[in-house]
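Biologist: I'm new to reading structures, and I'd like to look closely at one part of this one. Could you pick a spot and walk me through it, then show me how it fits into its surroundings?

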Amino acid sequence: FLPHLVASLEQVEQTYIMVKPDGVQRGLVGEIISRFERKGFKLTGLKLFQCHKELAEEHYKDLKTKSFYPTLIDYITSGPVVCMVWEGVGVVASARKLIGSTNPLQAEPGTIRGDLAVQTGRNVVHGSDSPENGKRETGRFLLLKEKKGWDLSVESGTGDLSSLAALWFKEGELCEWTPAQAPWLME
Ligand code: GDP
Ligand code: MG
């Protein structure tokens, strides 16, 4: 039990990081995971997964009206992806910085996209853009599918689980643990 680590629990965020099919095909899985691992964030979920069309459409529903939307759905479902949840204080914004700009030609050297990609349509990795979307995408809050759409107000572990569905992770797929290095990362 480490009281100094529990104190800031409310500030702890989750972000959904995904190595896209091009990253998997190009053998960049280890490289991408290691950047988050070396930074000092905590991995709480990890799997190789073949994304289906319905999930890709739900994940990218805000981009539905964009001209590139059909090719985006084809791209994300074109092969296995690596789904991850990384946890930590400020992890959502920090992961976006580690990933770099959407267009890899504009992404700074030192970022994942800046170092490893050249085109927006093949930008190797996804990261949640807000703490709220981090929750939506990691399945920390399960989604209640209703006629209106997806209700984020239903928390994981409560209510009738048979009526619930997670976005990228299911109940039981995430691990709560304390890394041995924790006291050497946070004072
Ligand atoms: P992100 O948050 O940096 O991933 O960028 P967005 O949320 O704006 O877009 C989501 C994903 O859609 C991007 O990572 C790209 O894979 C794809 N995308 C965005 N804009 C374009 C575009 O102009 N052309 C193509 N082909 N794909 C795009
Ligand atoms: Mg985005």
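Modeller: Let's start at Val124, which lies in the loop between helix 7 (112-116) and strand 4. Keep in mind that this is a predicted model. The backbone at Val124 deserves a look: its phi is near 55 degrees, which is a positive value in a residue other than glycine. Is the Val124 side buried or exposed? Val124 has a relative accessibility of 0%, and buried means under 20%, so Val124 counts as buried.

From that loop, step into strand 4, which covers residues 125-127 and contains His126. This residue carries a label from a record: the unreviewed UniProt entry places the feature "active site" at His126. His126 has a relative accessibility of 10%, so this residue counts as buried too. Which residues does His126 touch, once its neighbours within four places in sequence are set aside? They are Tyr16, Ile17, Met18, Lys20, His59, Tyr60, Ile99, Arg113 and Glu137. Try finding each of these partners of His126 on your screen.

Now zoom out to the sheet. Strand 4 belongs to an open sheet of four strands in the order 2-3-1-4, with antiparallel pairing. Strand 4 and strand 2 (42-49) are the edge strands, each pairing on one side only. Going from one strand to the next, the twist averages 15 degrees. Further in, strand 1 (residues 12-19) runs antiparallel to strand 3 (residues 81-89), and eight bridges join the two. To see this pairing up close, find Glu13, which stands opposite Gly88 in strand 3.

Two helices that pack on this sheet are worth tracing as well. Helix 3 (residues 29-39) touches strand 1, strand 2, strand 3 and strand 4, and its direction makes about 5 degrees with that of strand 3. Helix 6 (residues 91-99) touches strand 1, strand 3 and strand 4, and makes about 30 degrees with the direction of strand 1. So that you can place these pieces in the whole, the protein chain comes to nine helices and seven strands. Of its 187 residues, 42% are buried. Among contacts with a separation of 6 or more, 72% join residues 24 or more positions apart.

What about the cysteines? There are zero disulfides in the structure. Cys51 is in none, and the nearest cysteine sulfur, that of Cys83, sits 7.6 Å away; a disulfide needs the two sulfur atoms within 2.5 Å. Cys175 is in no disulfide either, with the sulfur of Cys83, its nearest, 15 Å away. Their surroundings can be read from accessibility: at 2%, Cys51 counts as buried, whereas Cys175, at 46%, counts as partly exposed.

Finally, how far should you trust the picture? The mean pLDDT of the protein chain is 88, and 81% of its residues reach 70 or more. Residues 157-163 have a pLDDT below 50, and this stretch has six contacts in the model beyond near neighbours in sequence. Where pLDDT is low, the predicted coordinates should not be read in detail. As for the overall scores, the model has ipTM 0.99 and pTM 0.90.

Notes:
Residues are numbered from 1 along each chain as its sequence is written. Chains are lettered from A and ligands numbered from 1 in the order in which they are written. This is a predicted model: local features need pLDDT of at least 70, side-chain atom pairs count only at pLDDT 80 or more; totals for chains, interfaces and linings use all residues. Side-chain values use heavy atoms; hydrogens and water are left out. UniProt positions are given in the numbering used here, feature names are shortened, and annotations may be inferred rather than shown by experiment. Buried means under 20% relative accessible area, exposed over 50%, partly exposed in between (1.4 Å probe, protein chains only). Contact means heavy atoms within 4.5 Å. pLDDT is the predictor's confidence in each residue, from 0 to 100. Two strands pair if DSSP finds at least two bridges between them. Axes are lines fitted to C-alpha atoms, for helices over the stretch in contact, and angles run from 0 to 180 degrees between N-to-C directions.
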